[in-house]
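Colleague: I'm new to reading protein models, and I'd love some company. Could you take me for a close look at a single part of this one, and then show me what lies around it?

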Amino acid sequence: MDRADFYDQVYQVVRLIPKGRVTSYGAIAAYLGTKGSSRMVGYAMNDAGKVHPQVPAHRVVNRQGLLTGKFHFGGNTMEELLAGEGVKVADDKVVNFKELYWDPSIELAL
DNA sequence: TAAGTGACAGCGT
DNA sequence: CACGCTGCCACTT
């Protein structure tokens, strides 16, 4: 259950990502305090498609803005979703990633 | 119970 | 500046 709580935390943050924005696994991990467990964030995303409300996992990319998980969506679904939100994707990576970058540690700082 | 894998990130060469 | 290796933590076999 402990890890389930961690997963839930990840889902919460991901769902808070504004439309047309993207963030990185490390940013979420760091926000949750598990900076060293950036991989766990990706693992949580694995269940994102199973979790209750839809988790915009397509808004979560790696530090390079690369859609490393597009394969897990099944085809170019991730690109389509991002493109549908105004996020331009080129060569499987987010364009203007730096501008669209949404850091929970800052946006949700409080 | 133990070993291997993985939607990442950082440091070293 | 580009490429390679190691570290982390949880899940799967």
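Modeller: Happy to! Let's begin with Thr23, which is found in strand E1, residues 23–24. Please keep in mind that this is a predicted model. Is Thr23 buried or exposed? Its relative accessible area is 0%, and buried means under 20%, so Thr23 counts as buried. Now see what surrounds Thr23: leaving aside residues up to four places away in sequence, Thr23 touches Ile17, Ile28, Arg59, Val60, Val61, Tyr101, Trp102 and Pro104. With Trp102 there is also a polar contact to look for, since a polar atom of the Thr23 side chain lies 2.8 Å from the backbone oxygen of Trp102.

One of those neighbours, Ile28, gives us a path onward. Ile28 is in helix H2 and is among the residues of H2 that meet H3. On the H2 side you will find Tyr25, Gly26, Ile28 and Ala29, and on the H3 side Ser38, Val41, Gly42 and Met45. Sorted by class, this contact has five nonpolar residues, three polar ones and no charged ones. How are the two helices arranged? Two packed helices are described by the angle between their axes and the distance between the axes. Here the axes of H2 (residues 25–32) and H3 come within 8 Å and cross at roughly 105°. That angle makes H2 roughly perpendicular to H3.

From H3 we can step across to the DNA. Which helix gives the most to the surface near DNA strand C? That is H3, with three residues. Helix H1 (2–16) and helix H3 (38–46) each supply at least two residues of this surface. The residues around DNA strand C are Arg3, Tyr7, Gly36, Ser37, Arg39, Met40 and Tyr43. Of the atoms of DNA strand C that come within 4 Å of the protein, sugar and phosphate account for 66%. By class, the residues of this surface divide into three nonpolar, two polar and two charged.

Finally, try zooming in on three of these residues. Gly36 has a polar backbone atom 3.1 Å from a sugar or linking oxygen of DNA strand C. For Ser37, an N or O atom of the side chain is 3.5 Å from a sugar or linking oxygen of that strand. Arg39 reaches a base instead: a polar atom of its side chain lies 2.9 Å from a base oxygen of DNA strand C.

Terms used
Residues numbered from 1 in each chain as written. Chains lettered and ligands numbered in written order. Predicted model: local features only at pLDDT ≥ 70, side-chain atom pairs only at ≥ 80, totals over all residues. Heavy atoms only, no water. Near = heavy atom within 4 Å. Polar contact = N/O pair within 3.5 Å; in protein donor to acceptor, adjacent residues only side chain to side chain. Helix = DSSP H or I, 4+ residues; strand = E, 2+ residues; numbered from the N terminus. Nonpolar A, V, L, I, M, F, W, Y, C, P; charged D, E, K, R; others polar. Axes fitted to C-alpha atoms, helices over the stretch in contact; angles between N-to-C directions. Parallel < 35°, antiparallel > 145°, perpendicular 65-115°, else oblique. Contact = heavy atoms within 4.5 Å. Buried < 20%, exposed > 50% of the residue type's maximum accessible area, 1.4 Å probe, protein only.
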